[in-house]
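Here are my notes on this one, point by point. Have the model open beside you as you read.

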Amino acid sequence: MAHKEPNLPFRWDISGGDRTGSLTDGIDYEPDYVDALAECAAKVLARSADGDLYFVGRSPDSVYDLLSGVLADTDHRERLHRLPLSLYGFDGEDVTPDERAQLRTNLTASGISPRSLAARERPVVFADLVMHGSTFGNLHRELRDWIDDERVSWNLIRRRLRYLGITVRKKTSPNTWRWQQHAEWTSDLQPSAVRNVSIDRFLWGHLGNSQPKTEHSFRRSCWSDPSVTRPRHDEKARQGLAEALSFHAHGRTRRVRSLVHRTLTAEPAFREPWLRTLAHNLRTSGGTSQP
């Protein structure tokens, strides 16, 4: 099989590594759900088990953008990663060897491979918006097959793998439908390896369905398409970039950092030393007065 080169979608480094110039000129954007997003982001952080967070696909981009601002002055900033990938509606049965090779090359370039997973000291936590869990299920199946092909110890990786779903908030009752209870693949994992953070239905729908994004969905048909490596300049991409920059800037403010800190202290995981240390660092890291 021919050697593959990584092929990953372009996205601006909204933390300041890329100059966006006049791309967002004329786009006035002031989000009205910063507080709800900050609460969600804080809970994702608290439930990450002191691991490395990989935000799957485009849906959780705003959580990533806001957290990258919140954590900008801490060492924990290096724990945040984007995993550009869409596996929604994906049927692994008809994937060609060439497509699977490209998928694995792209995952490796993003920091995910059987050998890298086995060598990690901290957990890897995949985070995404979840309705029925099909994306997580497809990703898990591809990882398991890859691990078997590479003859890497699954028992070793199993202890390091976690999935964190951002779900629609519902009334709590014994009869509430929970996606992980209907996903057979989750039995592969430790009981604590699947967690959730619930958010308002409107916010979930906006992030997952209607929010403008900086790049197109990275579906199977695009895995080898070189055009995805070039930046988009259409109106929706510019709007998505304006939102990303705004959320990052809000994350750097004292007000949002204070809100995140307050949410962290109310989480059960706050009794763990790593989260107490992180919360302390956030409280003393300063921040800006305005986004």
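**Notes on the model**

1. Starting with a loop residue: Ala-49 is partly exposed, at 30% relative accessible area (buried is under 20%, exposed over 50%, partly exposed in between, with a 1.4 Å probe and protein chains only). Ala-49 sits in the loop between helix 1 (34–46) and strand 1 (52–56); helices (H or I, at least four residues) and strands (E, at least two) are DSSP runs, numbered from the N terminus. Although Ala-49 is not a glycine, its phi is positive, about 55°.

2. Before going on, the ground rules: this is a predicted model, where local features need pLDDT of at least 70 and side-chain atom pairs count only at pLDDT 80 or more, while totals for chains, interfaces and linings use all residues. Residues are numbered from 1 along each chain as its sequence is written, and side-chain values use heavy atoms, with hydrogens and water left out.

3. Arg-151 is another non-glycine with a positive phi, near 55°. You'll find Arg-151 in the loop between helix 5 (134–150) and helix 6 (154–158), and it counts as exposed because its relative accessibility is 79%.

4. Is Glu-215 buried or exposed? It is buried, with a relative accessible area of 5%, even though it belongs to the loop between helix 7 (201–210) and helix 8 (235–251). What is Glu-215 in contact with, leaving aside neighbours within four places in sequence? The list is Pro-9, Phe-10, Arg-11, Arg-58, Asp-61, Arg-82 and Arg-232, with contact meaning heavy atoms within 4.5 Å.

5. On to the rings. Searching the whole structure gives nine aromatic pairs (rings of Phe, Tyr and Trp, the last by its six-membered ring, with centres within 6.5 Å; planes under 30 degrees apart are stacked, over 60 edge-to-face, the rest tilted). Take Tyr-54 and Phe-126: the ring centres are 6.3 Å apart and the planes are at 55°, so this pair is tilted. Tyr-54 belongs to strand 1 and Phe-126 to strand 3 (residues 124–129), so the pair ties together parts 72 residues apart in sequence. Tyr-54 is buried at 2% relative accessibility, and Phe-126 is buried at 0%.

6. Phe-126 also forms a tilted pair with Tyr-163, 5.5 Å centre to centre and 40° between the planes. Since Tyr-163 is in strand 4 (residues 161–168) and Phe-126 in strand 3, this pair ties together parts 37 residues apart in sequence. Both Phe-126 and Tyr-163 are buried. Ring pairs link Tyr-54, Phe-126, Phe-136, Tyr-163, Trp-179 and Trp-185 into a cluster.

7. One charge-over-ring case to look at: Arg-144 lies over the face of Trp-154, 4.1 Å from the ring centre. The criterion is NZ of Lys or CZ of Arg within 6 Å of the ring centre and within 35 degrees of the ring normal.

8. Last, helix 10 (residues 273–284). Which of its residues are buried? They are Trp-274, Leu-275, Leu-278, Ala-279 and Leu-282. Viewed down the axis, these buried residues fall within an arc of 130°, so they line one face of the helix (the arc is that of the directions from the helix axis to the C-beta atoms). An α-helix has 3.6 residues a turn, so residues three or four places apart point the same way. The buried residues of helix 10 pack against helix 1, helix 2 (61–70) and helix 9 (254–265). On the face turned away from the buried side are the exposed residues Pro-273, Arg-283 and Thr-284. Just after helix 10, Gly-286 has a positive phi of about 80°.
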